Amino acid sequence: MLQVLKTLRWAQPVRALSSVTTSSAATNVTTTASVPEPDKLFSKLEIELRGVDPAVLKSYTWFATTAADHLGIEKGKCWSPRKADHERMTLLKSVHIYKKHRVQYEVRTHFRYMNFHKLTGSTLDTFLEYIERNLPEGVALQVSKTELQQMPEHLRQPPEQV
Amino acid sequence: MAASLTRFLERSQRTTHAALSSVRLFSNSNQQQPQPEVEDDEEFRVLNLRPVKQQFQRRRDIKRDDVTPPRTTRMAVDQDWTAAWPGPRSFHPASVPLPLRQGFTERGAAAPSKFANAELMKIPNFLHLTPPAIRQQCEAIKKFCTPWPKGLETNAKWRTHFPLEVITTDYCQSLPTVRNPEARRVTVSLKLSDLKFDDHARDKFLRLVGERYNKETDVLTFVTDRCPLRKQNYDYALYLLTACYHESFITEPWEATKSEADMEVYLFERNQAKRSTEAILNWNAAENAQKKSPSASYAQSVEQLINEGENEYNLAKYKEEVMKMLNVPTQ
């Protein structure tokens, strides 16, 4: 099992730019062989968009999924709830009196969700940087990243002495 | 008549005399400073309550440059649109060669055209993110991407090598601050079957983690948000996992005092049922003879009967085991 893990760690992709930068630094300073930093692995990237204008959210979703297609990222479920979230405020129409007459103000927030699967750390950074830079005005983005990690060394075997 | 006439003359003479004397009173001041005379020829200003229309003044013509025709008229049909509209920008009618119309009108009328149309300028446009532009940009950044490693295609495959899942959240928003307090939250989850336990440690570990263990999915989840930074929360979650794991292998002295009333499940081994069964099996046996012990299947059936409750299956199983153990022939 350990052997498999070790071989796997070397088989794991290294970060796209780290090897370049470290190797150039190494040539400048010393000629020691630089150990490339292993890349992170993300099984799932969940993006939540919220905005006032559903048309803008739709266009942005189309943009992000198209970019994911070009970058070779596996797409998951992309969906949006059918109704917007209404945040209502009900106030008296008059200042103090006439309690039966009210006005309602409301803020509608539309949501949209996108899922992407199986990204390496450098792919995820590139993709997120690209789509976050192109985020239109009045749209908020929430990114949930599920990172995969190996079991820490001290948890693989039961403790010998306690 | 004559008398009254003379009296009038006298009076007039007197008045002229007084006038003369009064002049003489102020004479010295008059000689030094001649009194400023009010000009009689100037008129009073007139209050114009109802202004009469003045003579029409010709407005000066402001010189304006000729309006240049929109840029779209000079655009080639096969132009590079990504160069014409390279970045995000609000809508400009003269630069977009599309016959756009937007806005509300009365029924039957066409929507307002794109020129001087505020509706088109309000909404953020994606004219800089046309399909060719996305393709170009993605090709440029594709060199920073790396493919998913082979051998980890399915969930089951990557779970064997990477059992730990760490969920973090990032926010991109248009608030005055770039920080979101929710971004510090870290969720660490793993399957309990990935940790190695003995019976006592497993029981103690489940008691320590409590609500964080989901019995249905066998998933253990630590959610930490008490530290201000994400790194600290991640470290704290791993610390919790480690501490609980190691603590569960410690047997405290007071744990030996666990009595039968404290047990969560019925165990055949430490109960009266075992002793009674052994007594029955070794009835009238010689002192030196080897003691018979009840079979494992009988022990299991008793445990099932008490732990899961009396149902048809468990009772039938128990009956069968008892008859087998006592060598009672079945029919």
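This is a short talk on how two chains, A and B, are put together in one predicted model.

Hi everyone, and thanks for coming. Because we are looking at a prediction, let's start with confidence. Chain A has a mean pLDDT of 83, and 79% of its residues reach 70 or more. Two stretches of chain A fall short, though. Residues 1-10 have a pLDDT below 50, and that stretch makes eleven contacts beyond near neighbours in sequence. Residues 18-31 are also below 50, with five such contacts in the model. Please keep those two stretches in mind when you look at the picture.

Now to chain B. It has eleven helices and four strands. Of its 331 residues, 26% count as buried. Chain B exposes about 26,200 Å², and carbon and sulfur atoms supply 55% of that area. If you take the contacts in chain B with a separation of 6 or more, residues 24 or more positions apart account for 50% of them.

Let's move to the strands. Which strand of chain A is largely enclosed by the rest of the structure? It is E5(A): ten of its eleven residues are buried, so the rest of the structure largely encloses it. Now look at its partners. E1(A) is joined to E5(A) by ten bridges, and the two run antiparallel. E5(A) is also joined to strand E1 of chain B, residues 164-172, by nine bridges, again antiparallel. A nice residue to find is A:Glu147 in E5(A), which stands opposite A:Phe42. A:Glu147 also stands opposite B:Val166 in E1(B).

Next, the nonpolar cores. As general background, nonpolar side chains tend to be buried together in soluble globular proteins. Here, the largest nonpolar core has 32 residues, and those with the most contacts inside it include A:Leu45, A:Phe116 and A:Ile131. Which elements supply at least two residues each? From chain A they are strand E1, helix H3, strand E4, helix H4 and strand E5, and chain B adds helix H5, residues 131-141. The largest share, eight residues, comes from H3(A).

Let's zoom in on A:Ile131. What does it touch, leaving aside its neighbours within four places in sequence? A:Ile131 is in contact with A:Ile47, A:Tyr60, A:Phe63 and A:Ala64.

Apart from that core lies another one, of 22 residues. Among them are B:Phe222, B:Ala237, B:Leu238 and B:Val166. You have met B:Val166 already, opposite A:Glu147.

That's my tour, so over to you for questions!

Conventions: Residues are numbered from 1 along each chain as its sequence is written. Chains are lettered from A and ligands numbered from 1 in the order in which they are written. This is a predicted model: local features need pLDDT of at least 70, side-chain atom pairs count only at pLDDT 80 or more; totals for chains, interfaces and linings use all residues. Side-chain values use heavy atoms; hydrogens and water are left out. Buried means under 20% relative accessible area, exposed over 50%, partly exposed in between (1.4 Å probe, protein chains only). Contact means heavy atoms within 4.5 Å. Accessible areas come from the Shrake-Rupley method with a 1.4 Å probe; for residues, only the protein chains shown count as cover. A nonpolar core is a set of buried Ala, Val, Leu, Ile, Met, Phe, Trp, Tyr and Cys residues joined through side-chain atoms within 4.5 Å. pLDDT is the predictor's confidence in each residue, from 0 to 100. Two strands pair if DSSP finds at least two bridges between them.
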